[in-house]
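Thank you all for coming; I would like to walk you through one model this morning, going from single residues to whole helices and then to the two chains. Please keep the structure open in front of you while I talk.

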Amino acid sequence: MNKLRLFMASDFVFRFGRDRVAQGSLALFVFFVFCAFAAPLIAPFDPYDPMQIDLMDSELPPIWSGGDADERFAFGTDAQGRDLLSTILYGTRISLIIGFCAVGLQIFLGVSIGLISGYVGGRIDSFFMRLADIQLSLSTLMVAIIASAVFKATFGSEIYGNVAILVLVLVIGIAEWPQYARTVRASVLAERSKEYVDAARVIGLPRWRIMFRHVLPNTMSPILVISTVQIANAIISEAALSFLGLGMPVNKPSLGSLISSGFEFIFSGSWWITVIPSLVLIALILSINLLGDWLRDVLNPRLYKD
Amino acid sequence: MDYIQFAVKRLVQATVVMFVISLIGFSIQDNLGDPLRELVGQSVSEEVRNELREEMGLNDSFITQYVRFVSKAVQLDLGNSYFFKKPALEVIVDKFQATFELVLGATIIIVFFSIPIGVYCAINPKAWMSRIVMTLSIVGISVPVFLTAIFLIYIFSVELGWMPSFGRGDTVQIGVWSTGFLTADGLSHLVLPSVSLASIMLPLFIRLIRAEMMEVLETEYIRFAWAKGLHTNRVWFLHALKNTLLPVITVGGVQIGTMIAYTILTETVFQWPGMGFVFLEAINRVDTPLIIAYIIVVGLIFVVTNTVVDLIYTLVNPTVRLMGQR
C-alpha cells in the first residue's frame, strides 16, 4: 500500500493528471486493448467459425450508410460475408499479441545483450555493437520483409499460414533488438562508474547480481520510453508484412491482412472493408505514439539514438 | 592518418557485410526449391537425376559450391530467372529504373517541403502554425505508408478521378534508361506513389531539421552573430542553416537506403513495375535466382550508400568521433 501511495503522489501521476492528450490517448489505448482481448465475449460473431459465415451476406455496407445495410452487421461485412466488426476485434487482438510479444522478445534480447556489452566491455562489447551497427544500417523493415519472404517461400503458403504468428514475432523481434541494446548499453556505461556499483562490488556480490539487481533498475526509464515507440513500430511492421501477404493469412486476419484483402474492393465502391480497419489501426498507433511522446517529455531520459 | 585508418576499417566492415549477405543469398539458393526440378521437371528417372546432380556440381561440398556461387556473382552472373527466362540480374537492373525514379520523386518532395517547414518551426517554435505542424507530424508518423497510399488512391483516383492509380504510364527511352519524368502521363503516374513514399519520411525530416536548427540557434557563434548586428536573414539562412544541414544530410543519405524497403509497399499498392514489386512476385512464384539477385542488389545499395555517407561525413566534419575512439 505504501508503494502505491508513493506512486500516486509522484510527479509522474501529477503530470498525467494535468495532460488531457495523455489521458485521452491512454483511455483510447486501454479501450482498444480491452475490446481486442475481450473479443470472444463481445464480438457478435466468430469470424473463425465457417458455420457463421454466409456468402450471401458479403459486401454489405455499414448500417449508417443506408442502402441494403443489414442491422446485424454494424460495420458491414467483407467479401467473404464475415461481420466486419467481429473480424476487426479479432484482428486487433492478433495485431496486439504480435506487437507485445515481438517487443517482449526485443526487450529480452536487447536488454541482455546491452547489459552484458556495457558491463563486461572489451571484445564482447565491440562484437555486439558492430553487429548492431550493421543490422541497423540494413533497415529493419527490409530485414523483416526478406526474412519472412524467405520463410514463406521455403514453407509454402499453407504451412506458413499456421506458423505465421510465431514467424512474425521472431522476425520483428530479432530485427529490432539493437535499439534496446544500444540504449541499455549507454545507460549501463553511465551507471557503471557510480559509487553504488563500487559499493556492491566491495561487498562481494556476484557480477550477475550487480548487473540485474542494481544496474538494470536504473536503466528502466529509457527502456520504458522506447518501448512505446517500439510497440507502435512492431504493430506497423506486422501490418506492413501482412499487407504484403507475408504475414497473417486471410482466414485468420490481423488488421494488416484485413486491409489488404479489402484493398481491391475500394475500386468497386466497397470502401468500408479497407477504410474501417485502417482507421482502427491508425487510431491504435496514434494513441501509442502520443503516449510515448508524453512519456518522453516526462521522464526525459537522454535518448541514445543516432 | 587517422582518417585513412578509419576508411580502411569502414571498407573492411562493408566487405564483411557483403560477405554475410552473399552467404545468406547462397544458403537460400541451397535450400529453396530444387534447381533440377525447375530444369527437367518431375518426369525424369532417379538415375538421370543423380547424373545431372553430379554434372551440375550439386553434390559438391558446401564450400566448393559457395566459392563457385561467389565467383559467378562477381562476374555478374546470378543465374536465370525461372519466370522471365533471362538473367535475374538483368531483370532486377531493368526494374531498378522504375524504383529509382520513385525514390527520386519522393526525395524531391521531401527536400522541397521539409527544409522550409523545419526551419520555420525552429525559428517560431511557439507559433500556432508550428504547433499544428508538430501535431500533424505525429499523425504522419502514425499512418503506415501503405495506408497513405490506399487513402490517396481512394480519394484522388476512385472518388475524384484526377490521378491514375496504377502503373508507370508513358515512358521515354534515353539510351538504356527509360524515364517517366519527361511525359505528362508519366509524371501524373508518378505523383501519388511519390507522395505516399515521401509521407513516411517527411515528418521525420521536419522534426529532425527543427531539432537540429533549434540546437544550432542556441550556440555561441549564433549569439555572436546577433551581437554583431547581422541581418536576421543572414543569421538564420546563412550561418544557422548551413550547420543544421550537415547532420541532416547524413541521416538523409542513410534514409535513401531505408526508402528502398518502403518502395516494396508503395510499389505493391500502385502496381509500380519496380524491383520491390518484382521481388514479391518472385516470392510467390518461388523464383529463387530472382530472389537472390534482389537481396544482393539491395544489400549492395545499402552497404554502398552507408559507407559513402560515413566516409564523406567524417571527411567534412572533423569533430565526429572516429570509430576506434568511442
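Before I name a residue, let me fix one term: a residue is called buried if 20 or more other C-beta atoms lie within 10 Å of its own, exposed if 12 or fewer, and partly exposed in between. By that rule Gln271(B) counts as partly exposed, because it has 13 C-beta neighbours inside 10 Å. I should also say at once that what you see is a predicted model, and that everything I quote is computed from it.

Let me stay with Gln271(B) for a moment, since the backbone there deserves a look. Gln271(B) is in the loop between α10 and α11 of chain B, and although it is not a glycine, its phi is positive, at about 50 degrees. The helix that Gln271(B) follows is α10(B), and that helix brings me to my next point.

How far apart are the end C-alpha atoms of helix α10 of chain B, given its 39 residues? Helix α10(B) covers residues 232-270, and its end C-alpha atoms are only 45 Å apart, whereas a straight helix at 1.5 Å a residue would reach 57 Å. When we look along α10(B) for a bend, we find a kink of about 45 degrees, centred on Leu241(B).

On the other side of the loop we come to α11(B), residues 275-285, and to its partner α12(B), residues 288-316; the axes of these two helices come within 9 Å and cross at roughly 145 degrees. The crossing of α11(B) past α12(B) is left-handed. On the α11(B) side the contact is made by Met275(B), Val278(B), Phe279(B), Ala282(B) and Ile283(B), and on the α12(B) side by Leu290(B), Ile291(B) and Tyr294(B). Sorted by class, this contact of α11(B) with α12(B) consists of eight nonpolar residues, with no polar and no charged ones. If you look at the spacing of the contributing positions, it may help to recall that an α-helix has 3.6 residues a turn, so residues three or four places apart point the same way.

Now I would like to compare a few single residues elsewhere, beginning with Ile117(B), which sits in helix α5 of chain B, residues 88-123. Is Ile117(B) buried or exposed? Ile117(B) counts as buried, because 21 C-beta neighbours fall inside 10 Å. Not counting residues up to four places away in sequence, Ile117(B) touches Val133(B) and Ile206(B). The C-alpha atoms of Ile117(B) and Leu246(B), which are 129 residues apart along the chain, are separated by 17 Å.

Set beside that pair another one: Gly79(B) and Cys121(B) are 42 residues apart along the chain, and their C-alpha atoms are separated by 52 Å. Gly79(B) lies in the loop between α4 (62-74) and α5 of chain B, and with 18 C-beta neighbours inside 10 Å it counts as partly exposed. Leaving aside neighbours within four places in sequence, Gly79(B) is in contact with Ala88(B) and Pro289(B).

From chain A I have picked Ile159(A), which is found in helix α8, residues 157-175. Ile159(A) is exposed, because there are 12 other C-beta atoms within 10 Å. The C-alpha atoms of Ile159(A) and Ser278(A), 119 residues apart along the chain, are separated by 27 Å.

Let me step back to the chains as wholes. Chain A has 14 helices and zero strands, and 45% of its 306 residues count as buried. Chain B has 12 helices and two strands, and 35% of its 326 residues count as buried. Among contacts between residues at least 6 apart in sequence, those joining residues at least 24 apart make up 70% in chain A and 71% in chain B.

Finally, how do the two chains meet? Their contact takes 30 residues from chain A and 31 residues from chain B. On the side of chain A that touches chain B, α6 (122-137), α7 (140-155), α12 (220-243) and α14 (272-299) each supply at least two residues, and α7(A) gives the most, with nine residues. By class, that side of chain A divides into 22 nonpolar, six polar and two charged residues.

Note on methods: Residues numbered from 1 in each chain as written. Chains lettered and ligands numbered in written order. Predicted model: local features only at pLDDT ≥ 70, side-chain atom pairs only at ≥ 80, totals over all residues. Helix = DSSP H or I, 4+ residues; strand = E, 2+ residues; numbered from the N terminus. Expected span 1.5 Å × (residues − 1). Bend = angle between axes of the 7 residues up to and from the residue. Contact = placed C-beta atoms within 7 Å. Nonpolar A, V, L, I, M, F, W, Y, C, P; charged D, E, K, R; others polar. Axes fitted to C-alpha atoms, helices over the stretch in contact; angles between N-to-C directions. Left-handed = near helix turned anticlockwise from the far one by under 90°.
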